[in-house]
Amino acid sequence: MINLKQNDPNKKTYRKEGEKKTIQNRINRIEGQLKGIKRMVEEDAYCNDILIQLSAAQNSIKSLSNFLLENHLYNCVSRDLENGELETLEEVISLFKRFNNR
């Protein structure tokens, strides 16, 4: 088995401005959802209404995760494999295991 150092601080992903903007917009939307949920709790909103909003926020986070995973596979992973960096396969396997535990 390949020995992989997790969370290497030297490893970075340089994104195009359009991709960064898309990710930032999604994060801002999620932030807004969470602030709205917090406000609902403070205002004693009905539990069912809060749970519906939590589900929506969870789906937004899952959608962003899938977007990032797809870009990671097409860009970072394919580049690493082309360069013979097979330890990236262990990283991908670890990611899939983490995603499947949800």
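**Group meeting: a walk through a predicted model**

Let me begin at Asn101, which is exposed, with a relative accessible area of 68%. Asn101 is found in the segment after helix 3, and when we look from there to Ser65, which is 36 residues away in sequence, the two C-alpha atoms are 14 Å apart in space. I should say at once that what we have in front of us is a predicted model, so please take each value as computed from that model.

Let me turn next to helix 1, which spans residues 17-42. Thr22 lies in this helix, and at 30% relative accessibility Thr22 counts as partly exposed, because the value falls between the 20% limit for buried and the 50% limit for exposed. Thr22 and Phe67 are separated by 45 residues in sequence, yet their C-alpha atoms are 9.8 Å apart in space. Phe67 has a second relationship that I would like you to look at, namely that Arg26 lies over the face of its ring, at 4.8 Å from the ring centre. As for rings facing other rings, a search of the whole structure finds zero aromatic pairs.

Further along, Gly36 also has its place in helix 1, and this glycine is buried, with a relative accessible area of 16%, which is under the 20% cut-off. If you follow the chain from Gly36 to Glu85, you cover 49 residues, and the C-alpha atoms of the two are separated by 44 Å.

What does the loop between helix 1 and helix 2 hold? Asp44 is placed there, and its phi is near 60°, a positive value in a residue other than glycine. Asp44 is exposed, with a relative accessible area of 68%.

Now to the cysteines, Cys47 and Cys76, for which I would ask: which is buried and which is exposed? Cys47, at 56% relative accessibility, counts as exposed, because that value is over 50%, whereas Cys76 is buried, with a relative accessible area of 6%. The structure as a whole holds zero disulfides.

I will close with the second largest pocket, whose volume is about 390 Å³. This pocket is lined by 18 residues, and those that lie nearest its centre are Thr13, Arg15, Leu68, Asn71 and His72. Which helices contribute to the lining? Helix 1, helix 2 (47-82) and helix 3 (87-100) each supply at least two residues, and the largest share, eight residues, comes from helix 2. In character, the lining of the second largest pocket is mixed, since its residues divide into seven nonpolar, five polar and six charged.

To leave you with places to look in the model, I would suggest Arg26 over the face of Phe67, the positive phi of Asp44 in the loop between helix 1 and helix 2, and the second largest pocket, with His72 as one of the residues nearest its centre.

Definitions and conventions:
Residues are numbered from 1 along each chain as its sequence is written. This is a predicted model: local features need pLDDT of at least 70, side-chain atom pairs count only at pLDDT 80 or more; totals for chains, interfaces and linings use all residues. Side-chain values use heavy atoms; hydrogens and water are left out. A disulfide is a pair of cysteine sulfur atoms within 2.5 Å. Buried means under 20% relative accessible area, exposed over 50%, partly exposed in between (1.4 Å probe, protein chains only). On a 1 Å grid over the protein atoms alone, a cavity is a set of points where a 1.4 Å probe fits but cannot get out, and a pocket is an open set with protein on both sides within 12 Å along at least five of seven lines; lining residues have an atom within 4 Å of a point. Grid points are joined across faces, edges and corners, and a volume is the space filled by probe spheres set on the points. Helices (H or I, at least four residues) and strands (E, at least two) are DSSP runs, numbered from the N terminus. Rings of Phe, Tyr and Trp (its six-membered ring) pair if their centres lie within 6.5 Å; planes under 30 degrees apart count as stacked, over 60 as edge-to-face and the rest as tilted. A charge sits over a ring if NZ of Lys or CZ of Arg is within 6 Å of the ring centre and within 35 degrees of the ring normal.
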